[in-house]
Amino acid sequence: MIEWQLWQDGPGDGAWNMALDQALAEAVRDQGHPPVLRFYRWAAPTLSLGRFQRPERDLDAPRLRRHLAEDGWQLVRRLTGGGALLHHKEETYALACRQEHLGALNVKESYEALCAFLIGAYRRFGLEASFAALSRADDPSLGAKTALCFAGHEEYDVTVGGRKLGGNAQRRWHDTVFQHGSIPYEVDWSALGALQTAAAPPPAQGALGLVQAGWTGAPLDLIEALKAAFESSRQVRLVPSEPEPSLRHRAEHLKNTLYAQDSWTWQGRSASGLA
Amino acid sequence: MLYYSKSNLWIDVSEGFARIGLAPAAQEHLGDVTFVDLPPVTAEIAREHTLCTVESVKAVMDLYAPVGLKITNLNAVLEEHPETLNHPDWRQAWLLEGSLDDARELEELMSPEAYEAYLKGSSA
């Protein structure tokens, strides 16, 4: 049985969380690092932008700046695509592996295969979890692009009771697959929905968090369920581990030179060519 | 003359210039394209280096240059309509054009017949 490393980090600031994700992906891509499943949290409410999003165009930027200045929010840009996500009361996962760990799957198929553990974990708590392709098959908005991740539905989004729960996105280089995603306890639409521009009102049935879906467990129970579901769905064994010092050093460098830089966060420009 | 790469890009070569686009197998692999980040005109890209980055519905993916080239023209339609890369007529699904660094690199690519056999072998 293939072994994956399991990293469980405490809360980190936004730039560090994204930098460690990229350092992990690079290690798997460039150095043959074993596959990793990582869980982490956020030290402050953090809005993460998709790789090619333009906050000045896609979001209510003045309102966003107020949240950053007055409410202690942080802003980061992900290495993955998709819409903006507010990370606050949630668990977040990241995983990196080689294509050989998944088999010959295209993007959608691999996404379905990797997200299966989320559905498996939610079902362990009795939640009615499935992919949107099944729960919202008749929804004409399925697949529509939205500025906020939680406002849209794609075929392989995870839903509970037909409503989206969390967001997930992939980055690929050659045969390396990286994916990360959010597992929210609660989604605060009042703050998040207000960031949409006037032309894009929130859908009538927006996203929800685990608590809003009726989940009443403890965070530790959730992590244990996620780990068990991952081992079951991927037929692998998770081995507790942690980032090597060289990988942490690389993450510090990426944080300082890329993810903590306004030119990257606001414009998506990488002066250092790191992303 | 038309060539294909193992990464499912087509390369249409004429008089030292190449137009590069997505073959149907690449379209299928990527899914619905939502954004394309192309290199600047005049950029010089070596074979196997990142040619462009494509965002589809669930993934951001680098595409790699099947041959070394100096970029001379971009498909301007993609800026407003990246979904053109999903066009059922593969000739419409082109990314950019450039002058070839070294025509001998074409020898590493496949003819349409060889590519068809490669696809059959991959799916067998």
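**Exercise 1.** How many bridges join strand β3 of chain A to β5(A), and do these strands run parallel or antiparallel?

*Solution.* The model examined here is a predicted one. Begin with strand β3, which covers residues 46-49 of chain A, and follow its pairing with β5(A): three bridges join the two strands, and they run antiparallel. For one of the residues involved, S48(A), the bridge partner in β5(A) is L85(A). Next, place this pair in its sheet, which is open, consists of three strands and has the order β4-β3-β5 in chain A, with mixed pairing. The edge strands of this sheet are β4 (74-77) and β5 (85-87) of chain A, each of which pairs on one side only. Finally, consider the angle: neighbouring strands of the sheet are turned by 25° against each other on average, when direction is ignored.

**Exercise 2.** Find how many residues of each chain are in contact, and what area chain A and chain B bury between them.

*Solution.* Start with the residues: on one side 21 residues of chain A take part, and they are in contact with 18 residues of chain B. Turn then to the area, since the size of an interface is often given as the accessible area lost when the parts come together. Chain A and chain B bury about 1,700 Å² between them, and 59% of this area lies on carbon and sulfur atoms. As a last step, ask which residues of chain A contribute: F52(A), V107(A) and H174(A) supply 35% of the area that chain A buries against chain B, which is more than any other three residues supply.

**Exercise 3.** Describe the polar and charged links between the two chains, and then the make-up of the side of chain A that touches chain B.

*Solution.* Between chain A and chain B, eleven residue pairs are in polar contact, counting pairs with both residues at pLDDT 80 or more. Two salt bridges are found across the interface, and one that can be located in the structure is formed by K58(B) with D157(A), where the closest N and O atoms are 3.0 Å apart. The elements that give two or more residues to this side of chain A are α4 (107-124) and β10 (168-173), and the largest share, six residues, comes from β10(A). Sorted by class, the side of chain A that touches chain B has seven nonpolar, seven polar and seven charged residues.

**Exercise 4.** Which strand of chain B is joined to β10(A), and by how many bridges?

*Solution.* The strand is β7 of chain B, residues 59-64, which three bridges join to β10(A), the two running parallel. To locate this pairing, look at R171(A), whose bridge partner in β7(B) is V60(B).

Definitions and conventions. Residues numbered from 1 in each chain as written. Chains lettered and ligands numbered in written order. Predicted model: local features only at pLDDT ≥ 70, side-chain atom pairs only at ≥ 80, totals over all residues. Heavy atoms only, no water. Contact = heavy atoms within 4.5 Å. Buried area = accessible area lost by both parts, 1.4 Å probe. Salt bridge = Lys/Arg side-chain N within 4 Å of Asp/Glu carboxyl O. Polar contact = N/O pair within 3.5 Å; in protein donor to acceptor, adjacent residues only side chain to side chain. Helix = DSSP H or I, 4+ residues; strand = E, 2+ residues; numbered from the N terminus. Nonpolar A, V, L, I, M, F, W, Y, C, P; charged D, E, K, R; others polar. Pairing = 2+ DSSP bridges. Axes fitted to C-alpha atoms, helices over the stretch in contact; angles between N-to-C directions.
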